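These are my notes from going through one model. I went by element and by contact type.

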Amino acid sequence: METPANEVFRDSIGTINEEGKRNWIYPKKPSGWYYDKRKIVSYFLLAFLFAAPFVKINGNQFLMFNVLDRRFNIFGFPFWPQDFHLFVISMIIGVVFITLFTVGFGRIFCGWICPQTIFMEMVFRRIEYWIDGDRNKQMRLDRQKWDAEKIRKRLLKWFIFLVVSFLIANVFLAYLIGGDKLLNYIKDGPFEHLGTLIPLLIFTAVFYFVFAWFREQVCIIACPYGRLQGVLLDNKSIVVAYDHKRGEGKNGRKKFRKNEDRVALGHGDCIDCFQCVHVCPTGIDIRNGTQLECVNCTACIDECDTIMEKINLPKGLIRYASEENIENKTPFKLTARMKGYIAVLVILIGVLAGMLTLRNDIEARILRLPGQSYEQKGENIISNVYTYKLVNKTSHDIENVSFKIRDMDGEIKTVSASNEFIVKAQEFAEGTLFIELKKSDLSGDKNKLRIDIYSNNELIETTTVGFLGPRNYN
Ligand code: SF4
Ligand code: SF4
């Protein structure tokens with residue numbers, strides 16, 4: 001089926017031309033109310049992103065995703081592999097939260113919070129405006145032959161981009177290996193830790209490639225969240241939208257002419273100045289309607305508002321609105337789908353809060369040594385051998401740890417100099433122990449025992465183990 005003429009723009013993406021080559025975007029430098037607010041939000045988030053791996057709460061790094069050692073801290077809360085279920089629930093909550101926001105408020109996350117947009121628009125693009133100038137100057141510089149000015153500007157820009165990419169790669173590494181470890185590596189010098197330096201340089205190259213060249217293609221082609229928009233948005237979702245009713249009027253948009261009565265002529269409020277297109281970092285024309293390329297960055301709102309002010313028309317020709325709001329001039333309402341998502345979100349947050357409250361500070365696992373049966377000592381003592389692992393999830397050492405059998409006489413002997421030991425903060429202790437019971441106390445060949453774990457004579461955890469004894473043939 002042939003695409004209608006007014007929908008042809010949907011057949012290709014704004015950054016690829018008819019020959020399939022990259023259409024390089026030179027967006028005009030944005031300015032206006034939303035841009036100023038976005039700058040404040042972005043600088044706050046950048047400060048947070050750079051500080052989070054170096055800030056500690058109760059001795060725990062605020063945010064850490066140490067995949068190699070399988071240790072994760074979220075808001076200073078340590079998660080161990082044993083807490084994987086909590087981690088998964090947190091991730092599900094994050095996904096539901098973002099989904100809820102997308103259904104209700106479109107790609108507000110992309111425009112205001114996404115690190116790709118923040119780094120691209122608020123860091124790299126601003127460096128580019130500072131060195132190369134605004135849209136027209138950038139276009140001229142690109143066409144210019146490689147003279148002294150162009151070489152100087154290009155080298156300066158690429159060098160600064162590289163330094164910033166290296167900084168981002170370091171912060172990224174601090175999230176992965178821990179802020180303290182990174183600072184120690186820096187103190188030791190880069191060549192002491194070649195195994196870390198090489199991935200760091202690879203990350204730097206990736207960030208440089210993304211922000212110097214790949215740019216908006218991340219949002220348009222690579223980002224899975226961007227691709228979800230088609231299924232999450234409906235005509236009730238709030239997005240950055242062009243009010244086509246007002247903009248097109250009865251007789252369509254028309255260039256501005258002084259002293260012309262546009263209302264009498266039936267022209268819409270859009271004066272076809274193309275400023276909203278020139279400012280768009282993804283190279284689209286928002287007047288064509290919601291498109292997959294739009295990251296809701298609000299630059300076109302600001303630009304159009306400036307034009308409206310200049311020609312004495314009300315602002316908001318491009319604004320946050322749903323298709324339904326524009327068609328019917330109705331206010332925003334919660335839909336049944338959004339109410340459903342809110343209910344799921346509340347339930348999941350309740351489950352997570354409950355699990356975090358019930359989570360033990362110490363995780364104990366005592367398992368019988370595989371392939372080992374019982375051992376008989378003398379006439380009346382039966383012994384089983386076990387391995388144990390105690391994980392200390394707190395930020396303080398757990399001292400004088402010992403094991404006791406609950407509701408039974410018997411003895412637990414750890415294979416170490418002392419039967420009491422320390423489990424260091426954020427670490428684990430493991431070893432071997434023997435449990436010895438009187439044969440007369442056993443009820444059969446398979447028994448269940450409750451083992452209490454004490455620290456300084458205070459019960460901190462209880463676990464259950466199996467105990468093998470001789471078969472009772474009577
Ligand atoms: S900036 Fe506003 S007036 Fe100018 S083309 Fe875009 S929508 Fe029309
Ligand atoms: S259409 Fe407007 S909101 Fe969407 S990406 Fe372009 S400038 Fe940003």
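**Strand 10 and its partners**

I started at a turn: strand 9 and strand 10 form a hairpin with three residues between them, and Gly 378 in that turn has a positive phi of about 65°. The model is predicted, and I kept that in mind throughout.

I then looked up how strand 9 (residues 375-377) pairs with strand 10, and found three bridges in the antiparallel sense. Lys 377 has Ile 381 as its bridge partner in strand 10.

Next I asked which way strand 8 (residues 362-368) and strand 10 run, parallel or antiparallel. They run antiparallel and are joined by seven bridges. On this side I noted Glu 363, whose bridge partner in strand 10 is Val 391.

Strand 14 (residues 428-438) also pairs with strand 10, antiparallel, over eleven bridges. Here Thr 387 stands opposite Thr 432 of strand 14.

How many residues of strand 10 are buried? I found nine of the twelve in residues 381-392, so I wrote the strand down as mostly covered. I also recalled that in a regular strand the side chains alternate between the two faces of the sheet.

**Charges over rings**

I looked up lysines placed over aromatic rings. The charged end of Lys 389 sits over the ring of Phe 428, 4.3 Å from the ring centre. Lys 404 lies over the face of Tyr 454, and I noted 4.4 Å to that ring centre.

**Aromatic pairs**

I got a total of 21 aromatic pairs for the structure. One of them is Phe 124 with Phe 161, edge-to-face, at 5.0 Å centre to centre and 75° between the planes. Phe 124 belongs to helix 4 (residues 115-132) and Phe 161 to helix 6 (residues 148-177), so this pair ties together parts that are 37 residues apart in sequence. I checked burial for both: Phe 124 is buried, and Phe 161 is too.

Why did I enter Phe 209 and Phe 214 as stacked? Their ring planes are at 20°, and stacking is counted for planes under 30 degrees apart, so the pair qualifies, with the centres 5.5 Å apart. Phe 209 has 42% relative accessibility, so I put it down as partly exposed.

I also followed the ring pairs outward. They link Phe 50, Phe 119, Phe 124, Phe 161, Phe 172, Phe 203, Phe 207 and Phe 211 into a cluster.

**Helix 10**

Which residues of helix 10 (residues 224-232) are buried? I listed Tyr 225, Gly 226, Gln 229 and Leu 232. These residues cover an arc of only 105° around the axis, which is why I place them on the same side of helix 10. The general rule is that an α-helix has 3.6 residues a turn, so residues three or four places apart point the same way.

On the other side of helix 10 I found Pro 224, Gly 230 and Val 231 exposed. The buried residues of the helix pack against helix 2 (84-105), helix 3 (108-112), helix 9 (217-222) and helix 16 (336-358).

**Gln 291**

My last entry is a loop residue. Gln 291 is found between helix 13 (275-278) and helix 14 (299-310). Is Gln 291 buried or exposed? Its relative accessible area is 8%, and buried means under 20%, so Gln 291 counts as buried. I then looked for a polar partner of its side chain: a polar atom there lies 2.9 Å from the backbone oxygen of Asp 285.

Definitions and conventions. Residues are numbered from 1 along each chain as its sequence is written. Chains are lettered from A and ligands numbered from 1 in the order in which they are written. This is a predicted model: local features need pLDDT of at least 70, side-chain atom pairs count only at pLDDT 80 or more; totals for chains, interfaces and linings use all residues. Side-chain values use heavy atoms; hydrogens and water are left out. Helices (H or I, at least four residues) and strands (E, at least two) are DSSP runs, numbered from the N terminus. Buried means under 20% relative accessible area, exposed over 50%, partly exposed in between (1.4 Å probe, protein chains only). A polar contact is a pair of N or O atoms within 3.5 Å; within protein, one must be able to donate a hydrogen and the other to accept it, and residues adjacent in sequence count only if both atoms are side-chain atoms. Rings of Phe, Tyr and Trp (its six-membered ring) pair if their centres lie within 6.5 Å; planes under 30 degrees apart count as stacked, over 60 as edge-to-face and the rest as tilted. A charge sits over a ring if NZ of Lys or CZ of Arg is within 6 Å of the ring centre and within 35 degrees of the ring normal. Two strands pair if DSSP finds at least two bridges between them. The arc is that of the directions from the helix axis to the C-beta atoms. Contact means heavy atoms within 4.5 Å.
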